[in-house]
Number of protein chains: 2
Amino acid sequence: MEENTVVNVELLTSWIKNKEYKKIRHFFDETNIVDAALIVDELGSEVILHLFKIIRKDVGADLLSYLSSDTIEHLTNNLNPEHIQSLMEELYSDDLNEILNELPDELVTKVLQAATPELRKQINEFLSYEENSCGSIMSVDFVTIKHTNTIAQAMKTIRRQGKLAETINVCYVVDDLKKLVGSISLKDILFAKEEHIIEEIMEHDIHYVYTHDDQEEAAKIISKYDITSIPVIDSTKTVLGIITVDDILDVVEEEATEDIHKMGAMTPLDGSYVESSTKSIIMSRMPWLLVLMISATFTGSIISSNQEILVLLPSLAIFIPMLMDTAGNAGSQASAMVIRGLVVDDMGVKDFVKILIKETQVSFLLGIVLFIINTLRIGLFMPNVGWGIAIIVSLTIFITILLANLVGGALPLLALVLKQDPASMAAPLITTLVDALSLMTYFLIASYFLRL
Amino acid sequence: MEENTVVNVELLTSWIKNKEYKKIRHFFDETNIVDAALIVDELGSEVILHLFKIIRKDVGADLLSYLSSDTIEHLTNNLNPEHIQSLMEELYSDDLNEILNELPDELVTKVLQAATPELRKQINEFLSYEENSCGSIMSVDFVTIKHTNTIAQAMKTIRRQGKLAETINVCYVVDDLKKLVGSISLKDILFAKEEHIIEEIMEHDIHYVYTHDDQEEAAKIISKYDITSIPVIDSTKTVLGIITVDDILDVVEEEATEDIHKMGAMTPLDGSYVESSTKSIIMSRMPWLLVLMISATFTGSIISSNQEILVLLPSLAIFIPMLMDTAGNAGSQASAMVIRGLVVDDMGVKDFVKILIKETQVSFLLGIVLFIINTLRIGLFMPNVGWGIAIIVSLTIFITILLANLVGGALPLLALVLKQDPASMAAPLITTLVDALSLMTYFLIASYFLRL
């Protein structure tokens, strides 16, 4: 907790105790809502309940969007139903939806009981969308304009609907059957003549997503076409909601975190590292750690079944860690590049051959450089090892890099074909695989040389 | 190339050859500019030059923002200076800036020669901002309103300045000395009464960045406070530009890619994987591969200096790969979580102790589970190895996990203290380090047991 926060927590607590409502109101008027929420999160549980009875409803609703899930649970558990209902009604639909997604089921039921029939219907619809679908993150507060309207009529609609809407920067144009036919920016409306017809100046070529599409789909389109919002439609082309670029920013950050966690051989954590419980961190790390530990036994058995070679050439053992590490590093380099390429560039299964060719070229050149450096290093500076083994080791490195890069480049694509997340082909999995390949190559080459 | 693109490339080429200007114009009116650019990129180099002489200037400028850098180089090299100048003038300043950043120096000089004095001044200013600074990605097309204006006057300013501005959804309010004093959304202006004074309804609590701030700073603020744009100011609080959330989306994606590449032990690639040359891919992978290969020799020397223990207990060798892999995996798990936490959550050096405590708790519990499973697995299913070695191996795993998690958790923070990017404490570096620690532990425990 920052020092500033500590001071504010003490101030707020004393104001609430002494019923200095004017100061409290002034505090919330002057403080950014995100910062305010960070402070409220630190207040005592009784004090928070008291606070929510004092502040204006709209401030309370705004706060709710930024409070930690623990605080929200505490509030929904202890405020009376009417109070909850009035707070819910002040929230933008996507914020409400986000809050509900984080609450335990029994509290969601409590909120539903407190809601007006209309709000309840809306919440129920939201809850029926799958997690991470476009429907689950969209906002239903937006403005639609009829295609036959004039600019003047459109401005009237915007003034009427817009006050409640989360964004009015882009409005969606619908036909008589309420189907999406175009979009128009507020800027274009402002700069057009009053008597112009919307249909004549609207954008016809419009991007959209379906409620059941994955949120990543919306992120890809918004990022590719540099647009600020995208309509979410159903199969009849009726606009049910919008997703704005700031929601997408959260999606992109979340997905990158998930990918980084997966590539680090973990099930992605739901919350932040600091807030997550020890138990959830362990659950996220344990499975892969176990699987990889057991599968690494296979690599070990390669060593034990080649004991006789190690007895004949004992200095081979010194290079086992280096071969394993180099194999793992090369594999994780290739897989990290390909996995990220699949996410941000329009790369896909179609690029399979292109990727393999590229990895082969890269491997060949990397391999030659490492071969030369390694041979000279061992031959010149490790006289007790000798040039023969230097060449065995370097040749293994050359082949290992080729294998590791091909495996690292191909496995993420294989995951895609199997409809799995490419990031789940984590570096550690690839490491285990190419470790084994590398050691097999090592002993094959060594036994070949021994027979010479 | 998608089939659709192939068809469109052929169509466009034949239209250009046959001078069917109406069809070409219609094509660009109907096709999304991003898709159009993908098609134009595939046209022959002569055809592209011809095309730019045919299409309207504003379409050409729009296209420029989305064409590949190769195509842009070709165009700036071959179009006459007046043509380049007129295209440049149509571009939004941040797009122009992005294009110039990608051009080779001699072409930038050519563009500067072609520019009007006013435009040249603006370009020169942009070029003086450091790469990845807020100044280098900001747009200078925005609207400022005087604090003493009425809503009616503000609307006039917006109509006058706004046509050129990239976004008018948020306007920035300045005082008589042109210093930033607040912000106001277009929505609030639309819903306010004409005679209201801006100062009375504007937002006073406003976030901003300086031109020299890193772009990540802007990304953090925009993402934390859910705002759609942020003003970029100089030391006198004069607004020099704005950064919008869609620019930030690119920044966030770029930074995540950089982190993933660094964590995969690579220097981040500048372009996309498919577009990058084999040479640049090799240059990005070679350094770490070499450094880690050589440092892994140290791990190897731990094995060779403990040969006598391996001779006494040969079955110890079987478990070396498993110990190394488990150490590496645990280390990369901890570092991935902490590195990502430093980027997306407000984690920092202040959380050092908290992180170490958490990692110790996690390690302890993970270690116990792996200890039990591993002892039983070896003891029960590998009778030729025996319970004694099972316990040596499992005890090593327990200690290794503790060490690996502490090293993986602490190194990214150490990087932060040394003003380095935490992601550069890549998993492979940590792997090499904890591999060595793990083997040292292994032989220490084994020699202790042997002496018993």
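**Exercise 1.** How many residues does the contact take from chain A, and how many from chain B?

*Solution.* In this predicted model, the contact takes 91 residues from chain A and 91 residues from chain B. On the side of chain A that touches chain B, the helices α13 (186–191), α15 (215–225), α16 (245–263), α17 (278–304), α19 (320–344), α20 (352–381) and α22 (427–451) each supply at least two residues. The next step is to ask about shares, and here α17(A) provides the largest one, with 17 residues. Sorted by chemical character, the residues of this side of chain A comprise 49 nonpolar, 24 polar and 18 charged ones.

**Exercise 2.** Determine whether the residues of strand β5 of chain B are buried or exposed, and which way each of them points.

*Solution.* Strand β5 of chain B spans residues 229–233 and is mostly covered, since 5 of its 5 residues are buried. From β5(B), B:Ser229, B:Pro231 and B:Ile233 point one way, whereas B:Ile230 and B:Val232 point the other way, and all are buried.

**Exercise 3.** Identify the strands that pair with β5(B), giving the sense of each pairing.

*Solution.* Consider first strand β4 (residues 209–210) of chain B, which runs parallel to β5(B) and is joined to it by 2 bridges; within this pairing, B:Val209 has B:Val232 as its bridge partner. Turning to strand β6 (residues 239–244) of chain B, its pairing with β5(B) is antiparallel and extends over 5 bridges, with B:Pro231 standing opposite B:Ile242. Finally, β5(B) and β6(B) form a hairpin with 5 residues between them, and in the turn B:Lys237 has a positive phi of about 70 degrees.

Note on methods. Residues are numbered from 1 along each chain as its sequence is written. Chains are lettered from A and ligands numbered from 1 in the order in which they are written. This is a predicted model: local features need pLDDT of at least 70, side-chain atom pairs count only at pLDDT 80 or more; totals for chains, interfaces and linings use all residues. A residue is buried if 20 or more other C-beta atoms lie within 10 Å of its own, exposed if 12 or fewer, and partly exposed in between; C-beta atoms are placed from the backbone. Helices (H or I, at least four residues) and strands (E, at least two) are DSSP runs, numbered from the N terminus. Two strands pair if DSSP finds at least two bridges between them. Two residues are in contact if their C-beta atoms, placed from the backbone, lie within 7 Å. Ala, Val, Leu, Ile, Met, Phe, Trp, Tyr, Cys and Pro count as nonpolar, Asp, Glu, Lys and Arg as charged, and the others, Gly among them, as polar.
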